[in-house]
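Colleague: I would like to go through this model with you, one point at a time. Please give the reasoning before the value or name.

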Amino acid sequence: MDIEVSPISVRPRILYRLEAVGGGIYTYSVHQIGALVRAGAAVTVLCREGTKPSDFPGALVKPELQEAAAGLRLRRPLAYIRDARFTMKRLTFEASKGYDFVLLDCFREYFAPLWIGPLRSLREAGLPIGIINHDPSRDFKVGPVIWHRRCLWAVYAAVTDIFVHGAVSMTAWEARFRNRVHTLPHGPLTSAAGFPERASERRARGFAEKDFVILCFGQIRDGKQLDKLIRALRGAPGQVKLLVAGRVESHSQRGLPYYKQLIQFCGLADRVVWDYRYIPDDEVGRLFACSDAVATLYSERFVSSSGVMSCAVAHRRPLLISCGEGPMKTAVMRYPIGEWVRPGDPAALGVAIAKLVTGAKDYSFEAYLKDHSWEENARRVLSVVKATMRSGEQNCLIGLEFGG
């Protein structure tokens, strides 16, 4: 394998692999790539077929990854593995054209030993590889624990830098690879629809002017404790309503029938409004316009950040937060952006809802937004990229062929 060492470029060259096609990770990547371009980086986006180049002004967009097939989930492991292997081959082929840094949009570890080979070859050849780990806990396991750890091991061994949104503790078996861990602020997520007119949006969904609407937005899964929020609604004043927007994405999670039965059992049929579907980005602003507060109730195992939290702050909506020790709890304790509730404490949840409804506390979002900008996010990424360039770690991989 012949490797030619490239000179340090004045303008950092970043190859950004974007697998997401929608949702929070895609929106995060749109904002992050935009900030990197504005900061002076030359960014090439390797993404799925059908991705709109107009989402990434100033970047070179290459929609050469296969469009994610409908139902590409872990219940179809062979399709999942084939897709991952194809993605890695396209990534290494593009990397052979010469970059200073490769940045992966999200952490994907399932069945990794079966498809990670090309990425590991890139690292061994000297190209720095970073990965955005939006959820460092990695507690969803496929198969036995030993296999789950082997999959994580394969990914950590293949990358040089890990970007997280708050302080995390790497276990001994993860830290053995001496990955460099860097903290990035999660910038504000705003919708393309901007800030629609509030009164008309509330009327369209059946809310009265006096109602206090709590929004539960995004993918519905058991760890978000929607059932606890529904039960807590029984003890709240009658004008407190719940707007649930999103859908269940996995057959392993409780489905819509479960929640509808719970709502009927609690006698809350007239206080819960459902929008059960994937919400397009250009409609997100309408949901936040309807709301008075936003619930992000995770279990104690959730120790990462949240795109929903960032969206709520951008729309100046106070938060009802439940989670473990991580950046979300740190944010709500440090800034006046909402109320934190100890996971699994129904009494505390009721008290927090009452505080939001009565306006017992003044909430301000400006300090948080100042400290969590996309400009700062890009600055920290580029500081890592430039450090690797100065240390001579990067190589221009020309004419290499990778298997896998």
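Modeller: One definition before we start: buried means under 20% relative accessible area, exposed means over 50%, and partly exposed lies in between. The model is a predicted one.

Colleague: On that scale, is Arg180 buried, exposed or partly exposed?
Modeller: The limits are 20% and 50%, with partly exposed in between. Arg180 has a relative accessibility of 31%, so its class is partly exposed.

Colleague: With which residue does Arg180 form a salt bridge, and how far apart are the closest N and O atoms?
Modeller: The pair links distant parts of the chain, with Arg180 in strand β7 (residues 180-183) and its partner in strand β6, 19 residues apart. The partner is buried, with a relative accessible area of 0%. It is Asp161, and the closest N and O atoms are 2.8 Å apart.

Colleague: Which residue is the bridge partner of Gly130 in β6?
Modeller: Strand β6 covers residues 161-164 and pairs with β5 in the parallel sense over three bridges. Within β6, the partner of Gly130 is Asp161.

Colleague: Which residues of β5 are buried on each side of the strand?
Modeller: In a regular strand the side chains alternate between the two faces of the sheet. Strand β5 (residues 129-132) is covered on both faces. One side has Ile129 and Ile131, and the other has Gly130 and Ile132.

Colleague: What is the handedness of the crossover from β4 to β5?
Modeller: Strand β4 (residues 101-104) runs parallel to β5 and is joined to it by three bridges. Leu104 stands opposite Ile131 in this pairing. The chain passes from β4 through helix α3 (residues 117-124) to β5, and this β-α-β crossover is right-handed.

Colleague: In what order do the six strands of the open sheet stand?
Modeller: The pairing in this sheet is parallel. β10 (272-275) and β13 (338-340) are at the edges with a single partner strand each, so one side of each has no neighbour in the sheet. From one strand to the next the twist averages 20°. The order is β10-β9-β8-β11-β12-β13.

Colleague: How many bridges join β8 to β9?
Modeller: β8 spans residues 212-217, β9 spans residues 240-245, and the two run parallel. Phe212 has Val240 as its bridge partner in β9. The number of bridges between the strands is six.

Colleague: What angle does helix α12 make with β12?
Modeller: Another helix, α11 (residues 327-334), packs on the sheet, touching β11 (293-297), β12 (319-322) and β13, and its direction makes about 125° with that of β13. Helix α12 (residues 346-358) lies across β8, β9, β11, β12 and β13. Its angle to β12 is about 165°.

Colleague: Which residues are linked with Arg17 in a network of salt bridges?
Modeller: Two links involve Glu19: its closest N and O atoms to Arg17 are 2.8 Å apart, and those to Arg108 are 2.0 Å apart. Arg108, in the loop between β4 and α3, lies 89 residues from Glu19, which is in the loop between β1 (13-17) and α1 (23-38). Both Arg108 and Glu19 are buried. Besides Arg17, the network contains Glu19, Arg48, Asp83, Asp105 and Arg108.

Colleague: Which residue has its backbone oxygen 3.2 Å from a polar atom of the Arg17 side chain?
Modeller: Arg17 is in strand β1, and its relative accessibility of 2% is under the 20% limit, so Arg17 counts as buried. Leaving aside neighbours within four places in sequence, its contacts include Leu46, Leu65, Met88, Leu103, Asp105 and Cys106. The backbone oxygen in question belongs to Cys106.

Colleague: What is the phi of Gln225?
Modeller: Gln225 is in the loop between β8 and α7 (226-233), and is buried at 8% relative accessibility. Its phi is positive although Gln225 is not a glycine, with a value of about 60°.

Colleague: And where is Arg316, whose phi is also a positive value?
Modeller: Phi of Arg316 is near 60°, in a residue other than glycine. Its relative accessible area is 37%, so Arg316 is partly exposed. Its place is in the loop between α10 (307-314) and β12.

Notes:
Residues numbered from 1 in each chain as written. Predicted model: local features only at pLDDT ≥ 70, side-chain atom pairs only at ≥ 80, totals over all residues. Heavy atoms only, no water. Pairing = 2+ DSSP bridges. Helix = DSSP H or I, 4+ residues; strand = E, 2+ residues; numbered from the N terminus. Axes fitted to C-alpha atoms, helices over the stretch in contact; angles between N-to-C directions. Contact = heavy atoms within 4.5 Å. Buried < 20%, exposed > 50% of the residue type's maximum accessible area, 1.4 Å probe, protein only. Right-handed = clockwise from strand over helix to strand, strands pointing away. Salt bridge = Lys/Arg side-chain N within 4 Å of Asp/Glu carboxyl O. Polar contact = N/O pair within 3.5 Å; in protein donor to acceptor, adjacent residues only side chain to side chain.
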